[in-house]
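Q: Could you take a close look at one part of this protein with me? I would like to follow one helix and then the salt bridges, step by step.

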Amino acid sequence: MTPDFGQPPTAVPAVLAFPAACDTVELKAVLTEAEGRRATASLGFDLGAGLSRQVYYLDTPCLELEAAGVIVRVRRSGDARADVTMRLRPSDPAALDPGLRRHKGFTVELDMIGDGFVCTASLKTKPDTTMVAEVLAGRTPPSTLFSPRQRRLFQTYAPPGVTLDGLALFGPVLVRWVTGTARGWRHPLTAQLWEFPGEPVLELSSKVAAVRAAAAVARWPSFLIRHQVVPRQARHTKSQTVLRHSTPVPARG
């Protein structure tokens, strides 16, 4: 399960007006494991002291959801917490139901990686961890994990004929992560080591409120240079990497 990397980006995308339609902007840098460990050392982060979680995705064996821009994710943490997220990516903020945008747990985020960007709409909930374990073991249908609003969102955007209980599980991938602050950056930072077999990947990210995004976007490249972080241009997102290199397992009760 090896991600594809291109060359380091040479410019920051000129999208400073776009965040006005979003709730947050997440700045990201993707590194190989070796580069990532050097970067975290410079930042003063200790991944060994961080938390861990397992990440799964749900899709059809032929990835019909991904083709429709729908991402279904399940995460289970080592501290006995879990969450499930329904995502629309790419998403047009102007086309979203205003009532949905006002719902607690629903966010619209602009992800910026190198010289690329994409808008993502997400609805996250935190189901009972026992129920998550039952679903991951194949003893309970996946639909039981999702709230009524998440199920309606799925029905609206999923391809015709695709149901939650007909999906397959992809993963898990072990993710080690730590959050902190660093010299020269006023916003929280998160380092995540995704342990893909063959070539683990480290993602360094910082989530910023949309109203503060312009200044953060302008300062991000110089902050990375200060800590000798040389990001790579990833051709696949983390979810795409998992979906393409995992063997799907039917997730039915």
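A: Let's begin with a term: a residue counts as buried under 20% relative accessible area, as exposed over 50%, and as partly exposed in between. Keep in mind that this is a predicted model.

Now to helix α1, which spans residues 33-43. Its buried residues are Glu35, Gly36, Ala39, Thr40 and Leu43. They cover an arc of only 130° around the axis, which puts them on the same side of α1. A general rule helps here: an α-helix has 3.6 residues a turn, so residues three or four places apart point the same way. On the face turned away from the buried side you will find Arg38 and Ala41, which are exposed. And what do the buried residues pack against? Their partners are β1 (24-32), β7, β8, β9 (201-209) and α6 (213-226). Just after α1 comes glycine 44, with a positive phi of about 85°.

Helix α1 also holds a salt bridge of its own. The side chains of glutamate 33 and arginine 37 meet there, at 3.3 Å from N to O. Both residues lie in α1, four residues apart, about one turn of the helix. Glutamate 33 counts as partly exposed because its relative accessibility is 27%, and arginine 37 is partly exposed too, with a relative accessible area of 41%.

That pair leads us to the rest of the structure, where a search finds eleven salt bridges. One of the pairs joins arginine 101 and aspartate 23, at 3.5 Å from N to O. Arginine 101 sits in helix α3 (residues 98-101) and aspartate 23 in the segment before β1, so this pair ties together parts that are 78 residues apart in sequence. Here the definition from the start pays off: aspartate 23 has 35% relative accessibility, so it counts as partly exposed. Arginine 101, at 27%, counts as partly exposed as well.

Arginine 73 and aspartate 83 form another salt bridge, with their closest N and O atoms 3.9 Å apart. Since arginine 73 lies in strand β3 and aspartate 83 in strand β4 (residues 82-88), the pair ties together parts that are ten residues apart in sequence. Are these two buried or exposed? Arginine 73 is buried, with a relative accessible area of 9%, and aspartate 83 counts as buried at 10% relative accessibility. Finally, Arg73, Arg75 and Asp83 are linked in a network of salt bridges.

Key. Residues numbered from 1 in each chain as written. Predicted model: local features only at pLDDT ≥ 70, side-chain atom pairs only at ≥ 80, totals over all residues. Heavy atoms only, no water. Buried < 20%, exposed > 50% of the residue type's maximum accessible area, 1.4 Å probe, protein only. Helix = DSSP H or I, 4+ residues; strand = E, 2+ residues; numbered from the N terminus. Arc of directions from axis to C-beta. Contact = heavy atoms within 4.5 Å. Salt bridge = Lys/Arg side-chain N within 4 Å of Asp/Glu carboxyl O.
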